[in-house]
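Please walk through this fold with me, one sheet at a time. Keep the sequence and the structure side by side as you read.

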Amino acid sequence: MARVYNFSAGPAVLPEEVLMEAAAEMLDYNGTGMGVMEMSHRSKAYQQIIDEAEADLRDLMGIPDNYKVLFLQGGASQQFAMIPMNLMKNGVADYIITGQWAKKAYEEAKKYGTANAVASSADKTFSYIPDCSDLPISENADYVYICENNTIYGTKFHKLPNTKGKLLVSDVSSCFLSEPIDVTKYGMVYGGVQKNIGPAGVVIAIIREDLITDDVFPGTPTMLKYKIHADNGSMYNTPPAYGIYICGKVFKWLKKMGGLEAMKVHNEKKAKILYDFLDSSKLFKGTVRAEDRSLMNVPFVTGNEELDAEFVKAATAAGFVNLKGHRTVGGMRASIYNAMPIEGVEKLVAFMKDFEASHT
């Protein structure tokens, strides 16, 4: 069967080249006579895989030496608890609520201290990013938390909030490696990899070393301490070994593609094709304020739920899959991560034009 154009928000499309390489190595990785899925994480061969993955990620993102790179498990959702457990030294943190995942992180943080919602876009169904230039940041806040790209609602912080000198912690799950970032602007940046980097099951956390201490919330389980993972090179227990191996291959693919500057250009070009059509369409319309649009997740609607459902069904039959919007907002959503080729977006737009012509 021919491969479909997969617009899933995650787990999501991976570069075909990476999948082909992994397939070729499934039974015998690099002459070891076994696949990575079967390999001891304590072996020299696997140590080389994880070391190379970290080195390539550091190179891609320009990660300074005073930041640790941790390969963790538990999804981004486990970080909602780990972050306050490890970083809430004063027991206070400020949260900017721009969608479901930021809201969940905020609710979780309340269990470990005082979490303040200092800004929110809930009043307009999270269709914009609030003004974060002069927020009521708490004097004793340990950090300010954002979800930088909102997968469900299709918004993105194009300018980081003014944290008034407080640490910035950012969930970048759905925009990870889609463009360059300045890691030094964050105390911690992290994300689940299943949207833009690899298979589900790996979380990458990049944390400034001075924040990784034994001074954690009382009763924090050993597995939820950043220090235990940092001290053991992400190998305190068996890591998500195969997932990290695929991530490593994606890092090499990104370097081959020209790095994050090149990916930003590629992603802007792709997104423009879709947004330009939505802005001119008589049937479809985008749901996000123009200046806050994500390059990765593009939600849109017809304004008629039955027509939305008809479009999703027709698109699926035509090989454009996983376009149904999140259950909390309905409509459609096209996730156009790094690995989605430009031709996938061009063909989707051509299909949308045909659908519009037959329904207006």
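Which residue of β10 is the bridge partner of G191? The partner is I204. Keep in mind that this is a predicted model.

That pair is a good way into the sheet around β10. G191 belongs to strand β9, residues 188-192, and β9 is joined to β10 by five bridges. The two strands run antiparallel. Now look at the other neighbour. Strand β2, residues 67-72, is joined to β10 by six bridges, again antiparallel. Two pairs help to locate this seam. Y67 has R208 as its bridge partner in β10. V69 has I206. Strand β10 itself spans residues 203-208. Five of its six residues are buried, so β10 counts as mostly covered.

Step back to the whole sheet. Seven strands form it, and the sheet is open. Their order is β2-β10-β9-β8-β5-β3-β4, with mixed pairing. The edges are β2 and β4, and β4 covers residues 114-120. Each of these edge strands pairs on one side only. Neighbouring strands are turned against each other by 20 degrees on average, ignoring direction.

Helices pack on this sheet. Helix α3, residues 75-87, touches β2, β3, β5, β8, β9 and β10. Its direction makes about 155 degrees with that of β9. Helix α4, residues 100-109, also packs on the sheet, where it touches β3, β4 and β5. The direction of α4 makes about 160 degrees with that of β3.

Stay with β3, residues 92-97, and find D94 there. Is D94 buried or exposed? D94 is buried, yet it has no salt bridge. The nearest side chain of opposite charge is K166, 8.1 Å away. A salt bridge needs the charged atoms within 4 Å, so K166 does not qualify. What does the D94 side chain contact instead? One polar contact goes to the side chain of N116, at 3.1 Å. The D94 side chain also reaches the backbone nitrogen of S138, at 2.7 Å. Leaving out residues up to four places away in sequence, D94 touches N116, V118, P136, I137, S138, A141, Y143, V144 and Y145. Of the strands met above, β4 spans 114-120 and β5 spans 143-147.

Now move to another sheet. Three strands form an open sheet in the order β11-β12-β14, and the pairing is antiparallel. Its edge strands are β11, residues 285-286, and β14, residues 332-335. Each of them pairs on one side only.

Which strand pairs with β14 over four bridges? Strand β12, residues 297-301, does, in the antiparallel sense. Two opposite pairs mark the register. F300 stands opposite M332 in β14. P299 stands opposite R333.

How are the two faces of β14 placed, covered or open? Both are covered. M332 and A334 lie on one side, R333 and S335 on the other, and all are buried. A helix belongs in this picture too. Helix α7, residues 259-280, lies across β11, β12 and β14. It runs at about 20 degrees to β12.

Note on methods
Residues are numbered from 1 along each chain as its sequence is written. This is a predicted model: local features need pLDDT of at least 70, side-chain atom pairs count only at pLDDT 80 or more; totals for chains, interfaces and linings use all residues. Side-chain values use heavy atoms; hydrogens and water are left out. Buried means under 20% relative accessible area, exposed over 50%, partly exposed in between (1.4 Å probe, protein chains only). Lys and Arg count as positive and Asp and Glu as negative; His and the chain ends are not counted. A polar contact is a pair of N or O atoms within 3.5 Å; within protein, one must be able to donate a hydrogen and the other to accept it, and residues adjacent in sequence count only if both atoms are side-chain atoms. Contact means heavy atoms within 4.5 Å. Two strands pair if DSSP finds at least two bridges between them. Axes are lines fitted to C-alpha atoms, for helices over the stretch in contact, and angles run from 0 to 180 degrees between N-to-C directions.
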